[in-house]
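Me: I would like to work through this structure by question and answer, moving from the whole chain to single side chains. Please reason each step out and finish on the value or name I ask for.

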Amino acid sequence: MKILLEELPHQERALESIDKAFLGLDEQSKFADSVDANYVFANPLLKGRYTDFANIDVKMETGTGKTYVGTRMMYELHKKYGLFKFVIVVPTPAIKEGWKSFITSDYAQQHFTQFYENTNINLSVINAGDFGTKKGRKNIPAKLFNFIEGSRQVKNTIEVLLVNAAMLTSKSMTNEYDQTLLSGWNRPVDGIKATRPVVLIDEPHRFPFGKANYNSILEIKPQMIVRFGATYPEIKEGTGRNAVVKKWYYRGKPQFNLNAVDSFNQGLVKGIDVYYPLISQSEAQDVWKVSKVTARELILKQNDTTRQIGVGEDIGFDGDITYAGGKELSNGLEISEGMQFLPSTMTSSYQELIIKDAIDKHFATEQQNFMRENLYENNLPRVKTLSLFFIDSIKSYRDETGWLKETFERLLAQKVSKLISEYQEKSLPREREYLEFLKATQRDISAAHAGYFGEDRGSGDAAIQAEIDDILSNKEKMLTFKDDAGRWNTRRFLFSKWTLREGWDNPNVFVIAKLRTSGSENSKIQEVGRGLRLPVDETGHRLQQVNFSSRLSFLIGYDEKEFAKKLIGEINDDVELVLSETELDQSTINIIIKNHPEMTEDVLRNELGNSQIIDFSGKYKTGGFTKLLELYPEVGATQLQEGKVTEPGAIKPKTRIKLNKDNWQELKELWQQFSKRYMIRFDKLDLSFLIDEVFGNPDNYERVRPEQVHQELAVESQAVLKEQVATYDTRQYLDGMPYGQFLQKLTLETDIPVKELHRVILPVIKNKSAKYLSERTLSNLTREWQKRFAEKYAANYHYDALNFMASSSVYDASANVFKDDVLAEALGINSTSDGIREEEHFLYENPPLRYDSTHPERDMLTHGYGAKVTAFGKLPKRAIQVPKYTGGTTTPDFVYVIERDENKDMYLLVETKAENMRDGDHRIQEIQSKFFAMLKDHGVEYQLATDAQQVYRKIEELGGDE
């Protein structure tokens with residue numbers, strides 16, 4: 001499978017903010033640090049360079065696509081301003097691996113090609129082992145050499161150096177080498193500095209001001225720094241009592257701020273449920289504190305009792321744990337003075353509870369993700385479910401007879417065996433398929449789990465190395481159910497010791513279990529971050545929250561029972577605006593009036609008083625603040641919404657809107673048509689003919705001449721190096737790539753079988769030459785195929801009704817009745833307290849009205865319609881589910897029932913869009929229009945509306961007495 005990247009609105013806004021904050025090029029200055037502004041190995045000069053005002057902060061919550069935005073930013077700055085030297089600085093190897101995997105992945109390169117044709121990133125990843133001597137000479141690594149020597153004359157290449165912070169000031173970078181760069185430097189750090197780089201920092205909280213990590217970046221003298229992260233370092237301003245500790249942002253605040261609240265509330269990340277096993281009151285009071293710890297001794301204290309523990313001695317808890325020395329226990333837990341222990345949570349039996357609970361929660365989610373809501377449709381792509389365990393004792397997992405390994409495999413085998421017994425009696429196709437998946441798991445329990453630990457690197461164990469490759473690099477493999485040979489891929493439980501924290505990314509982690517405390521006050525958002533990303537299905541499509549209901553289950557020990565409260569506090573602390581929950585404050589008033597400009601403060605206060613929400617003094621009555629949030633959800637959007645993060649037993653039901661059954665009955669006959677399932681069939685889509693047209697066209701094949709770099713040392717006011725790039729004055733061309741490799745790459749880009757490509761391409765190459773098998777030819781053929789294929793898709797298909805009906809968000813097909821209610825958020829993210837003028841015809845019983853846009857949606861809801869409009873209202877998401885040829889479904893926004901004189905009702909379906917529609921909006925219009933056109937005999941009309949007046953005119957045209 002391939003992960004399919006999409007342009008997401010919040011990521012587009014981040015890129016727009018970066019472009020707006022960028023100060024531009026300095027085209028007036030001729031020199032910088034005595035180096036020509038046109039120095040070909042360096043970026044152009046930037047305005048405000050080397051100052052904090054030129055720097056940019058992009059604050060994005062974990063899981064919302066920081067790496068995507070950072071990578072695309074480099075493409076954008078190269079395209080618009082010619083910047084081509086970037087250094088990505090990261091704090092850990094795992095984060096470095098994350099950037100490397102993304103930038104070099106086929107799916108990312110294919111995605112960016114559609115925006116930046118013929119432009120590529122040349123990624124140079126530098127590791128400590130790259131530096132060494134050869135035949136007694138100290139040479140600069142080739143990757144670093146290529147980065148520094150990369151020339152701006154190579155117009156279509158972006159040079160990116162990916163490096164750990166500590167590497168920048170290491171001796172490897174600051175030593176003088178026997179090799180001298182063409183640009184005149186023999187110290188790597190000087191060569192990097194001369195490129196006038198733009199630096200990207202990931203996880204900025206790991207780069208505090210004035211500390212080693214941040215100072216190392218200043219050593220390479222970046223013209224501009226762009227920081228990407230959810231958490232930022234703090235800085236102290238002032239002294240003594242006047243000292244203030246605040247977040248340290250360039251320019252005083254982030255230039256783009258997608259904070260934690262927005263990320264959760266907008267459904268950009270998963271919701272979180274936190275669980276922990278309870279302990280008895282006496283066990284909860286049995287607390288020991290680290291009084292002192294040195295490299296050779298640990299002292300624990302409880303009231304008047306003190307324990308002195310030497311290296312190798314048991315610490316006295318029922319967990320077979322000793323003091324290993326060096327401020328570390330034998331289970332790998334780092335300890336410090338002031339840390340507290342609950343002995344009861346460090347026992348093997350307690351850990352077993354967490355493991356069993358994690359396995360149970362994994363399979364509850366796995367079954368839901370495998371079945372995908374509707375067993376009878378049996379056509380929704382499955383979602384692979386992963387679980388992540390953070391452990392402290394590597395030995396207990398890696399040893400063949402380790403306690404953790406044996407316990408986990410025993411509990412997993414028991415669970416799988418039980419599920420197999422349950423599914424033996426089931427008969428639906430996908431249930432039988434899941435039974436086979438369970439049986440494959442049972443046949444080899446050990447294959448279902450894998451681990452990655454820092455100590456694994458360089459172990460030489462091939463099996464362990466294969467696990468590491470799968471976990472770190474083979475993201476797509478981890479997300480598939482079967483391998484190329486059709487064998488089940490059962491690996492879905494991962495173990496690590498905090499190594500897979502910041503930087504590691506797999507979107508389908510649905511369960512995280514922490515076995516014993518992490519031992520420090522880490523950012524809670526960072527700890528849950530590995531499971532926040534929205535999942536992808538087995539076809540590689542990212543699922544939005546309206547398409548899946550699974551949340552992240554986060555399992556911890558009792559000693560961290562305040563985790564959820566701290567997490568919620570940390571999320572809400574991320575918001576500058578804090579609202580009062582005891583009285584109507586000015587901030588709340590301002591938010592409501594901003595969203596309802598027709599309302600004044602006096603009108604608002606009167607309305608809330610009449611609704612028994614506030615008293616005469618403005619204080620909220622019992623339950624008043626909750627009622628306010630229901631009435632004005634835009635207020636709640638400024639704080640973490642209820643239910644996004646829950647403690648055990650704290651999940652509350654979501655707000656639901658009741659259907660007016662009498663009015664929905666007027667749609668009953670029509671809904672029986674809508675509830676049929678439809679299959680898309682393509683009309684005479686002759687792929688072989690299309691393949692012949694594209695791949696048999698010799699004009700799509702190009703040879704490529706080799707290029708030369710001409711360098712000339714010129715002496716004017718100072719010595720400079722002039723450089724130009726041109727093709728050789730020769731008729732020689734570069735050799736093409738091997739035929740098999742060319743076909744393999746092409747089939748990956750087009751999904752056309754190699755056999756079909758070979759049939760058409762071989763005659764062309766025989767008539768030309770193998771030199772035409774170039775990268776440029778590959779790009780030409782891929783681009784032309786995608787264009788022509790899309791044209792065929794859009795024009796040559798129709799819908800066939802299948803012989804069964806399926807339920808939707810408003811209709812129960814099995815009982816042939818409309819449901820009682822729907823989720824409020826399925827109707828819209830906003831609400832209004834304005835009454836409906838024709839409430840007796842409205843499809844729902846309990847306003848406030850829900851809508852997504854003020855214009856035209858709210859206008860249409862509050863409009864007074866004529867008597868001929870006998871029912872109307874907004875449709876919930878997934879109410880009709882019109883199939884899209886690109887995959888997935890779409891539902892229009894509104895429905896109207898219009899009474900006609902000839903006693904045959906007309907049904908008007910309306911899709912609302914903004915005036916500046918995107919390509920995707922046009923495709924949705926075309927798909928919906930095509931679908932509803934086939935129901936014209938049933939009295940169905942379809943309308944696209946960018947303003948309410950278009951709808952009113954259409955109703956009048958249909959005889960609705962508007």
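Me: What percentage of the 962 residues in the chain is buried?
Reply: This is a predicted model, and the figure is therefore computed from predicted coordinates, with a residue counted as buried when its relative accessible area is under 20%. The chain exposes about 44,300 Å², of which carbon and sulfur atoms supply 46%. Of the 962 residues in the chain, the buried share is 51%.

Me: Among contacts between residues at least 6 apart in sequence, what percentage joins residues at least 24 apart?
Reply: The chain carries its secondary structure as 32 helices and 40 strands. When the contacts are restricted to residues at least 6 apart in sequence, the share that joins residues at least 24 apart is 73%.

Me: Which strands form the edges of the open sheet with the order 5-8-4-9-10-3-13?
Reply: This open sheet has 7 strands with parallel pairing, and an edge strand in it pairs on one side only. Neighbouring strands of the sheet are turned by 20° against each other on average, direction ignored. The edges are strand 5 (120-125) and strand 13 (256-258).

Me: Which residue of strand 13 is the bridge partner of Lys59?
Reply: Strand 3, which covers residues 56-60, runs parallel to strand 13 and is joined to that strand by 3 bridges. Within strand 13, the bridge partner of Lys59 is Asn257.

Me: At about what angle does helix 5 run to strand 8?
Reply: Helix 5, formed by residues 142-149, lies across strand 4 (85-90), strand 5 and strand 8 (157-164). Relative to strand 8, the helix runs at about 135°.

Me: Is Phe742 buried or exposed?
Reply: Phe742 lies in helix 27, which spans residues 739-750. Beyond its neighbours within four places in sequence, Phe742 is in contact with residues including Ile761, Leu773, Thr777 and Leu781, and the C-alpha atoms of Phe742 and Leu773 are 6.7 Å apart although 31 residues separate the two in sequence. Because its relative accessibility is 0%, Phe742 counts as buried.

Me: How far apart, N to O, are the side chains of Lys80 and Asp19 in their salt bridge?
Reply: The structure holds 34 salt bridges, and the one between Lys80 and Asp19 links distant parts of the chain, with Lys80 in helix 2 (residues 66-81) and Asp19 in helix 1 (residues 9-21), 61 residues apart. Lys80 is partly exposed at a relative accessible area of 45%, and Asp19 is likewise partly exposed at 29%. The N to O distance is 3.4 Å.

Me: Which residue forms a salt bridge with Arg605?
Reply: The two partners both lie in helix 21 (residues 601-610) and are 4 residues apart, about one turn of the helix. Arg605 counts as partly exposed because its relative accessibility is 29%. The closest N and O atoms of the pair are 3.3 Å apart, and the partner is Glu601.

Me: Which helix holds Glu775, the salt-bridge partner of Lys745?
Reply: The side chains of Lys745 and Glu775 meet at 3.2 Å, N to O. Lys745 is partly exposed at 31% relative accessible area, and Glu775 is partly exposed at 48%. The pair links distant parts of the chain, 30 residues apart, with Lys745 in helix 27 and Glu775 in helix 29.

Technical notes. Residues numbered from 1 in each chain as written. Predicted model: local features only at pLDDT ≥ 70, side-chain atom pairs only at ≥ 80, totals over all residues. Heavy atoms only, no water. Helix = DSSP H or I, 4+ residues; strand = E, 2+ residues; numbered from the N terminus. Buried < 20%, exposed > 50% of the residue type's maximum accessible area, 1.4 Å probe, protein only. Contact = heavy atoms within 4.5 Å. Areas by Shrake-Rupley, 256 points an atom, 1.4 Å probe, with all protein chains shown as cover. Pairing = 2+ DSSP bridges. Axes fitted to C-alpha atoms, helices over the stretch in contact; angles between N-to-C directions. Salt bridge = Lys/Arg side-chain N within 4 Å of Asp/Glu carboxyl O.
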